[in-house]
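Q: Could you take a close look at one part of this structure and walk me through what surrounds it? I'd like one strand in the middle of things, with its partners and its packing.

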Amino acid sequence: MPNNSESHKHDFFYRQAKKEKYRARSAYKLIDLQNKFNLFKRAFYILDLGSAPGSWLQVSKNLAEENLKKYSDQFYHRDQYKIMGVDIKKLAPIDNVIIVNNDFTTKLFQEQIEDYFQDKLDLILSDASIKKTGNKFSDHIKQLQLCNEVLLIIKANLKHKGNAVIKVFQGSDFDRFAKEMKSLFRFVKSYKPKSSKKKSNETFLVGLQKI
Ligand SMILES: C[S@@+](CC[C@H](N)C(=O)[O-])C[C@H]1O[C@@H](n2cnc3c(N)ncnc32)[C@H](O)[C@@H]1O
């Protein structure tokens, strides 16, 4: 029997990430979300919460660079993108991306957002995750507490009609949280990307067009 570190090498998305030089297989979760919901449409100012090791930042940078060319027209566009990632863990640098080593639930982080962007954001992503204990119920509740912090950041910083994604764990309070999110966005959808492992109870709530 292969051990865990050997068996993941047989995983399609793990191998694909190695080939395409993404820092983690989770890159394909964001690519799948983008293909399904076109979250990055006209997104230039992007915040990624819980970024380590950085694959969502890599995907965001690629899509923001495409947007500079694709949406250089008389409608909403910006001449440059700004991307900020934050994590308690240290991340290796990425050119033209600001990486903050901090807890995003702190007051200082809100100041760091305002200092850097000086404006409202087009897109807020959160693949942030608590450290799982294995107790599905308490992990679900703790993850939702973290998601509530993400909602506060969305309320304070996302522009009108901006989009957001939040990783949640399914469980008893999922519907209550989804309802909370529905009060902020015109459309809210739940989606589990193909690359998200079946045994994981993670899913993503996608908020489109902030009210
Ligand atoms: C699944 S990983 C993110 C993977 C990342 N999206 C990627 O593609 O490389 C979740 C991250 O959330 C971070 N995290 C959890 N709570 C946080 C907090 N309050 N502030 C900053 N980072 C946090 C963890 O340290 C962890 O690195």
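A: Before we start, one working rule: two residues are in contact if their C-beta atoms, placed from the backbone, lie within 7 Å. Also keep in mind that this is a predicted model.

Let's take strand β1, residues 45-49. Five of its five residues are buried, so β1 is largely enclosed by the rest of the structure. The cut-off behind that is 20 or more other C-beta atoms within 10 Å of a residue's own. In a regular strand the side chains alternate between the two faces of the sheet. Here, Tyr45, Leu47 and Leu49 sit on one side of β1, Ile46 and Asp48 on the other, and all of them are buried, which leaves both faces covered.

Now for the partners. β1 runs parallel to β2, and five bridges join the two. To get from β1 to β2 the chain passes through α4, and this β-α-β crossover is right-handed. One pair you can pick out is Tyr45 with Lys82, its bridge partner in β2. β1 also pairs with β4 (residues 121-126), again in the parallel sense, over four bridges. Within that pairing, Ile46 stands opposite Leu123 of β4.

Ile46 is a good residue to zoom in on. Not counting residues up to four places away in sequence, Ile46 touches Ser60, Ala64, Ile83, Leu121, Asp122 and Leu123.

Follow that last contact across to Leu123, which lies in β4. Leu123 has 24 other C-beta atoms within 10 Å, so it counts as buried. Leaving aside its neighbours within four places in sequence, Leu123 is in contact with Leu39, Phe40, Ala43, Ile46, Gly162, Asn163 and Ala164. For a sense of distance, the C-alpha atoms of Leu123 and Leu33 are separated by 13 Å, with the two positions 90 residues apart along the chain.

One of those contacts, Gly162, takes us into strand β5. Gly162 is buried because it has 23 C-beta neighbours inside 10 Å. With residues up to four places away in sequence set aside, Gly162 touches Leu121, Asp122, Leu123 and Lys210. Asp103 is another matter: Gly162 and Asp103 are 59 residues apart in sequence and 23 Å apart in space, C-alpha to C-alpha.

Next, the core. In soluble globular proteins, nonpolar side chains tend to be buried together. The largest nonpolar core in this model has 46 residues, and those with the most contacts inside it are Ile46, Leu49, Leu123, Ile124 and Ile166. Strand β5 (residues 158-169) gives the largest share of this core, six residues.

Helix α3 (residues 27-37) is worth a look too. Its buried residues include Ala27, Tyr28, Lys29, Leu30 and Leu33. The buried residues of α3 pack against α2, α4, β5, β6 and β7. Just after α3, Asn38 takes a positive phi of about 50°.

Last, the ligand. It is surrounded by 22 residues, the closest being Gly50, Ala52, Ser55, Trp56 and Asp127. Both α4 (55-70) and β2 (82-87) supply at least two residues of that shell. By class, the shell has ten nonpolar, seven polar and five charged residues.

Conventions: Residues are numbered from 1 along each chain as its sequence is written. This is a predicted model: local features need pLDDT of at least 70, side-chain atom pairs count only at pLDDT 80 or more; totals for chains, interfaces and linings use all residues. A residue is near a molecule or strand if its C-beta atom, placed from the backbone, lies within 6 Å of it. Ala, Val, Leu, Ile, Met, Phe, Trp, Tyr, Cys and Pro count as nonpolar, Asp, Glu, Lys and Arg as charged, and the others, Gly among them, as polar. A nonpolar core is a set of buried Ala, Val, Leu, Ile, Met, Phe, Trp, Tyr and Cys residues joined through C-beta atoms within 7 Å. A residue is buried if 20 or more other C-beta atoms lie within 10 Å of its own, exposed if 12 or fewer, and partly exposed in between; C-beta atoms are placed from the backbone. Two strands pair if DSSP finds at least two bridges between them. A crossover is right-handed if, with the strands pointing away from the viewer, the path from the first strand over the helix to the second runs clockwise.
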